[in-house]
Each structure stands twice: as structure tokens, then as C-alpha cells.
Amino acid sequence: MEDGVVKMIDQRLLPHRFRILETKTHVETAQAIKDMAVRGAGAIGVTAAYAMAQAALQYRGRDLQEFMRFMEDAAEVVRNTRPTAVNLFHAVDRVLQAVRRGLTVEECRNLAVEEAERIADEDAEASRRIGELGSQLIQDGYRILTHCNAGALAFVDYGTALSPIRVAHRQGKRVFVYVDETRPRCQGSRLTAWELLQEGIPHAVIVDNAAGLLMMRGEIDMVIVGADRIAVNGDVANKIGTYEKAVLAKENSVPFYVAAPTTTIDPSCPSGDRIPIEERSPLEVLTAWGMDEEGVVRRVRLAPEGSEAFNPAFDVTPAKYITAIITEKGIIRQPLGENIPATLKKI
Ligand code: RUB
């Protein structure tokens, strides 16, 4: 954020166009989250924090009570964007708590901006740590499956699931990444592939249904995915399709890792069935979007006019399918239902 303006890469346009989107108010920033110009649990958490900081800067009066009401209203606008990733709710609550410590509106404004910056810095540090710890699990020659995008675009700096891969690659280990395309919005083929290309990490995009064949043939050594919310018992909500990859991994004895900061663990959520699952527009399923041979970016229809679609954006992987969760505080292994609460106590 610079002078109250939040700047973000417009992820809807990648990999075909690189554009920085600028939002001037918390309402515009909330809309950018809702429209998925910015997406990924960590990235929407930090953006939500900056939206709250923008709200604090936007308030022009001097009345502390009126300011707090303005901030509570802004918090509602930001919370009503996307329901599944808990990082967004944590970030909004943290900025609200920070401003409550202020004695004047001016002080509150500064506290809001400082807290948003602190969240961004903490996330950057967490992604670095996740990379360091997770890279120890990657051996030379590993073929790794990813789902959706949990890289720098989805988080701050290194990302979550891609962070251990980046670090392993920089350490000189030979890695090959199979990138699930991740229909309907194709965060894998559009964003993960783009990030890997920037880093020169060898990879191939596969259709979402190919992972079973590769695992059965023994061509995948590990799976690493991100997370949008982790329940205290270890159930993990992540992009739709994650659950089936985890079941396939267990069936084929492939280790299945989740990489996420501890802020993705929701201490108020005992199990995965309590996690709200976002449903998005049927149009995302009925159509596809991309660049044609003339270089024009357009949306095309795939299904017949008149067909309906159902578009749940996330699913929940039960804890029993997960080998371990790579966090910035350490690698949490099974039994997750015991080790997650123990980790939370240390925070
Ligand atoms: C993103 C998604 C990512 C997690 C991990 O979904 O499921 O795997 O958010 O994110 P969407 P992070 O594209 O619908 O937001 O790496 O930020 O923790």
C-alpha cells in the first residue's frame, strides 16, 4: 500500500497480461477480493488487512466512537467477500483489535496501517520458513504434484506449497512438478505454471484427472498443496479436487503434504464439516477463458446453452489422508488431532 492505494497483480489476466490493479478505497479492495483479482488464502488475508487500513485512512472525522462504527462496517464489507479462507477473517479481526488500542482517531489510523504491514511481514517470514522446513522433505530427483496455486501469487513472497519446491530447486536438487490445471478457474495452468516458468523450474501441466494414472505408475513421489482453512482435528479445506488427490495418494502410498502458515489453522473450528464452502458462478464451469490464436483474450462456451452447472470452489480433505502439515513453526505430523492443538498452545 502506498499513500492509501493498494497495489496488486491482477491475477485474472495472468499469464496473458501483467497488470497492476490499484484500489483506492476499502470497498474497491473488497471487490477485488470478491472478483478474484487477488486470490489465495494468504494473499486475500493481507489484502483484507490493507483494506481495513484503507478504511481507517478514509475516515475523515475526529469522533472515536463514530470511527469505530465506521471500522466495524468496513469489516463487514471485507468479511462478505469470500467465506472459506480463514486468513481473511483473522486479518480483519487483527486490524480491528489493533485500532481498539488507540486513544485518538489519528493514533488508530497509524495502528491500523502498522498492523496490516505487520501481517504482511509475518506472512513473508512464514513463507520463507515453510520453504526451509519443507525443502528438507524433498529429495533430489523428486516428481511433485501440486493442485491450484499456492505460490507467491497466493501468499506473500515465496508462497506456501511452492515455497519448499523453490528452495529445493535453489539448493540444486532436481525437481519436476506436475501442475494440476485446476478447473474451473485454472489457477494451476494459468498461475502455478507461470510462477514455475519465471523460476525455471521444470514442470508439466496435466488435466485434473491425470494424477491417478501417474500415481499408479509410480511417477509421483510426493503431493504438496496449500490450504484455505485447517480445522483443529487436522481436516483441511483447499481448492476443489484436493480431496480426491489425497485419497489417490493414500491408495498409492504417495506422501501427501499440506503447506500452510499457522494462521490458516482455525482454533474455533473443531472439524472440517464446520468449514463454509464457497459456491461460485455456474458460468465458471460452463465456459472457459483464454487467449486465441490472434492474441485476443476471450471467454468461450463449453457446455450447451441451457445446461446448468454446480460450482463448489473448495472441498475438505479428512485428516487421515494427510501425511503432515508444513507450517512456519515446524512440521506437524500425525496424529494431527493431538499435534495441532499442541502447536496452537505454543503460539
Ligand atoms: C486458492 C487455494 C490455495 C490456497 C492456499 O483458492 O485453494 O491452494 O488458498 O493459499 P482460490 P496460500 O484461488 O479460489 O483463492 O498459499 O495463500 O495459503
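Which cavity is the space taken by the ligand? I began my entries on this predicted model with that point. I found that the ligand takes up the space of the largest cavity.

**Ligand shell**

I next listed the surroundings of the ligand and obtained 19 residues. The closest are Gly42, Ala154, Thr160, Asn238 and Lys239. I then looked up which elements contribute to this shell: helix H2, spanning 41–58, and strand E8, spanning 236–239, each provide at least two of its residues.

**Polar contacts**

I examined distances from oxygen atoms of the ligand to N or O atoms of the protein. For Thr160, a side-chain N or O atom lies 2.5 Å from a ligand oxygen. For Gly42, the atom concerned is a backbone N or O, at 2.7 Å from an oxygen atom of the ligand. For Arg82, I noted 2.8 Å between a side-chain N or O atom and a ligand oxygen. I also checked how far the ligand is covered: on its own it has 460 Å² of accessible area, and the protein covers 100% of this.

**Helix H9**

I turned to helix H9, residues 242–251, and asked which of its residues are buried. I recorded Thr242, Lys245, Ala246 and Ala249 as buried. These residues lie on the same side of H9, because the arc they cover around the axis is only 100°. Finally, I inspected the backbone just after H9, where Ser253 adopts a positive phi of about 55°.

Notes
Residues are numbered from 1 along each chain as its sequence is written. This is a predicted model: local features need pLDDT of at least 70, side-chain atom pairs count only at pLDDT 80 or more; totals for chains, interfaces and linings use all residues. Side-chain values use heavy atoms; hydrogens and water are left out. Buried means under 20% relative accessible area, exposed over 50%, partly exposed in between (1.4 Å probe, protein chains only). Helices (H or I, at least four residues) and strands (E, at least two) are DSSP runs, numbered from the N terminus. The arc is that of the directions from the helix axis to the C-beta atoms. A residue is near a molecule or strand if one of its heavy atoms lies within 4 Å of it. A polar contact is a pair of N or O atoms within 3.5 Å; within protein, one must be able to donate a hydrogen and the other to accept it, and residues adjacent in sequence count only if both atoms are side-chain atoms. Accessible areas come from the Shrake-Rupley method with a 1.4 Å probe; for residues, only the protein chains shown count as cover. On a 1 Å grid over the protein atoms alone, a cavity is a set of points where a 1.4 Å probe fits but cannot get out, and a pocket is an open set with protein on both sides within 12 Å along at least five of seven lines; lining residues have an atom within 4 Å of a point. A molecule sits in a cavity or pocket if more than half of its atoms lie within 2 Å of its grid points.
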